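Trainee: I should like to take a close look at a single part of this protein. Would you please describe one position and then relate it to the rest of the chain?

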Amino acid sequence: MDSTKYFRATSTVERCALILIGISAALTSVLGLFVMAGHLIKNESWVQLGPHFVPMVFNTALCFVLSGAALFGKLFNKESWASKLSILALVLSLMVLAQFPLHISFGIDTFFLAPIHHKVATIPGRMAIPTCVGFIGMAVRPRALARGI
């Protein structure tokens, strides 16, 4: 399969759409990397927009990086690369989500590093349920569309 098929858009609208997809993928990945760096250097202003906002946890930032990179893989026709990154985000999100009804901890909330915010989260370091569902939807949707579901 031609690796440049996405760059052979036939209309201006298609070219603009591809540019927007590329920008979205880049911004998503950069946002995640920025927040991950904030956690690593313990800079609260990189992790939380303001004192009245909930900070982004490390695993959420990691899922943003994985999702953005998967979108790049799709854009550059690297299906296996995109699929593997998407599955990693899916598995991480499913594992975090499973902890809520099971009332257990798999240790993935603090696997990479200890959370820097404890006062705003019910379970420090854990992604919120809607965040997990959003990442699951982003990982599952392309596969469902490919199968005509």
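Mentor: S29 has its place in helix α1 of a model that is predicted. With a relative accessible area of 10%, S29 is buried, because buried means under 20%. Leaving aside residues up to four places away in sequence, S29 touches F64, V65, G68 and A69.

Helix α1 covers residues 12–40, and F34 also belongs to this helix. The structure holds three aromatic pairs. In one of them, the ring centres of F34 and W46 are 4.5 Å apart and the planes meet at 25°; planes under 30 degrees apart count as stacked, so this pair is stacked. The pair links distant parts of the chain, since F34 lies in α1 whereas W46 lies in helix α2, residues 44–47, with their positions 12 residues apart in the numbering. F34 has a relative accessibility of 41% and therefore counts as partly exposed. W46 is likewise described as partly exposed, at 31%. A further aromatic pair is formed by F72 and F76, with 6.2 Å from centre to centre and 20° between the planes, and this pair is stacked as well. F72 counts as partly exposed at 24% relative accessibility, and F76 is partly exposed with a relative accessible area of 35%.

Let us now place these details within the whole fold. The protein has five helices and zero strands, and along the sequence the pattern reads α-α-α-α-α. There are 149 residues, of which 36% count as buried; S29 is one of the buried residues. Among contacts between residues at least 6 apart in sequence, 62% join residues at least 24 apart. The protein exposes about 9200 Å², and carbon and sulfur atoms supply 72% of that area.

Helix α4 deserves a step of reasoning of its own. This helix comprises 24 residues, 79–102, and at 1.5 Å a residue it should span 34 Å. The C-alpha atoms at its ends are 34 Å apart, so the expected span and the model agree. The buried residues of α4 are A82, L85, S86, A89, L90, L92, S93, V96 and Q99. Just after α4, H103 takes a positive phi of about 55°. Another ring deserves mention here: the charged end of R126 sits over the ring of F100, 5.2 Å from the centre of that ring.

Finally, consider the cysteines. Why does C132 form no bond with C63? The sulfur of C63 is the closest cysteine sulfur to that of C132, yet the two are 7.6 Å apart; a disulfide requires sulfur atoms within 2.5 Å, so the separation is too far for a bond. The structure as a whole holds zero disulfides. C132 is buried, with a relative accessible area of 0%, whereas C16 counts as partly exposed at 41% relative accessibility.

To return to your chosen part, S29 is a buried residue of helix α1, and its contacts include F64 and A69.

Notes: Residues are numbered from 1 along each chain as its sequence is written. This is a predicted model: local features need pLDDT of at least 70, side-chain atom pairs count only at pLDDT 80 or more; totals for chains, interfaces and linings use all residues. Side-chain values use heavy atoms; hydrogens and water are left out. Helices (H or I, at least four residues) and strands (E, at least two) are DSSP runs, numbered from the N terminus. Buried means under 20% relative accessible area, exposed over 50%, partly exposed in between (1.4 Å probe, protein chains only). Contact means heavy atoms within 4.5 Å. Accessible areas come from the Shrake-Rupley method with a 1.4 Å probe; for residues, only the protein chains shown count as cover. The expected span of a helix is 1.5 Å times one less than its number of residues. Rings of Phe, Tyr and Trp (its six-membered ring) pair if their centres lie within 6.5 Å; planes under 30 degrees apart count as stacked, over 60 as edge-to-face and the rest as tilted. A charge sits over a ring if NZ of Lys or CZ of Arg is within 6 Å of the ring centre and within 35 degrees of the ring normal.
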